[in-house]
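User: I am new to this structure and would like to understand the terms used for it, and how each of them is justified. Could we go through them one at a time?

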Amino acid sequence: ALQSYKKIQHIVVQGTDAAFITLGDPCTYSTAWALIKHFMAQDPDIEVDIVPGVTSYTAAAARTLIPLVEGNEFLSVVSSNDSLEKIEKIIDASETVIFLKTYRYRSRLFQLLEQKGLIDQCIYIQRCGLKGEIIMRNINNLPADPEYFSMIILKKPAAQP
């Protein structure tokens, strides 16, 4: 981000507009925020505009035909890099959990989901909307090599009235 900041800052101080384009939404787990923080801290007089994008998880929900939340349900979006204790609390408190950044700690997340009996309620999405997109409803058969652009959606069954 520092290198991108320096390039863009050099262009902007010369009076030319510049843009930093990111996949997804720049306000959700995006590298764009590191860049924006540099401008806010070092060049507060330079105007920064953020154009919202479609988040990867809403695109994935649309591609898999899953309603993220209905009625009084709770939706949580978490980084799979967080502690298992925190992730477990989020799973327990939410009807739908979006696990982003699954490429690094996928096996420990699977162990937790298996332990909680929720592994069959998950859908794996890789490269959503991009060339090579994969959607798998049986996450026991995932590709061996974790993909950076991957996520898991846990959608618990609706509670019976």
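Analyst: Let us begin with a cut-off: a residue is called buried when its relative accessible area is under 20%, and exposed when that area is over 50%. Please keep in mind that this is a predicted model. With that cut-off, the buried residues of helix α2 (residues 32–42) are Ala-32, Leu-35, Ile-36 and Phe-39.

User: What puts these buried residues on the same side of α2?

Analyst: They cover an arc of only 100° around the axis, and therefore they lie on the same side of the helix. On the other side of α2 there are Lys-37, Ala-41 and Gln-42, which are exposed. As for what covers the buried residues of α2, the cover includes α1 (2–12).

User: Why is Ser-80 called buried?

Analyst: The relative accessible area of Ser-80 is 1%, and the cut-off for buried is under 20%, so Ser-80 counts as buried. Its place is in the loop between β1 and α4. Leaving aside neighbours within four places in sequence, Ser-80 is in contact with several residues, among them Ile-87, Phe-99, Leu-100, Tyr-105 and Leu-109.

User: What makes β1 and β4 the edge strands of the sheet?

Analyst: The sheet is open and is formed by five strands in the order β1-β2-β5-β3-β4, with mixed pairing. β1 (75–79) and β4 (134–136) each pair on one side only, and this is what makes them the edge strands. Neighbouring strands of this sheet are turned by 15° against each other on average, with direction ignored.

User: How do you know that β2 pairs with β1 and with β5?

Analyst: Two strands are said to pair if there are at least two bridges between them. β1 and strand β2 (residues 96–100) have five bridges in the parallel sense, and β2 and β5 have five bridges in the antiparallel sense, so both cases satisfy the cut-off of at least two. As single examples, Val-78 has Phe-99 in β2 as its bridge partner, while Phe-99 stands opposite Ile-152 in β5.

User: What makes β2 a strand with both faces covered?

Analyst: In a regular strand the side chains alternate between the two faces of the sheet. In β2, Thr-96, Ile-98 and Leu-100 are on one side, Val-97 and Phe-99 are on the other, and all of them are buried. Five of the five residues of β2 are buried, and the strand is accordingly described as mostly covered. The chain crosses from β1 through α4 to β2, and this β-α-β crossover is right-handed.

User: What makes a group of residues a nonpolar core, and which residues have the most contacts inside the largest one?

Analyst: Such a core is a set of buried residues of certain kinds, including Ala, Val, Leu, Ile and Phe, joined through side-chain atoms within 4.5 Å. The largest nonpolar core has 18 residues, and those with the most contacts inside it are Ile-91, Phe-99, Leu-113, Ile-139, Ile-152 and Leu-154. α4 (84–93), β2, α5, β3 and β5 each supply at least two residues of this core, and α5 gives the most, with four residues. Leu-154, not counting residues up to four places away in sequence, touches Ile-91, Phe-99 and Leu-113, among others. There is also a second, separate core of 11 residues, which includes Tyr-57, Ala-61, Ile-98 and Ile-123.

Key
Residues numbered from 1 in each chain as written. Predicted model: local features only at pLDDT ≥ 70, side-chain atom pairs only at ≥ 80, totals over all residues. Heavy atoms only, no water. Axes fitted to C-alpha atoms, helices over the stretch in contact; angles between N-to-C directions. Buried < 20%, exposed > 50% of the residue type's maximum accessible area, 1.4 Å probe, protein only. Contact = heavy atoms within 4.5 Å. Right-handed = clockwise from strand over helix to strand, strands pointing away. Arc of directions from axis to C-beta.
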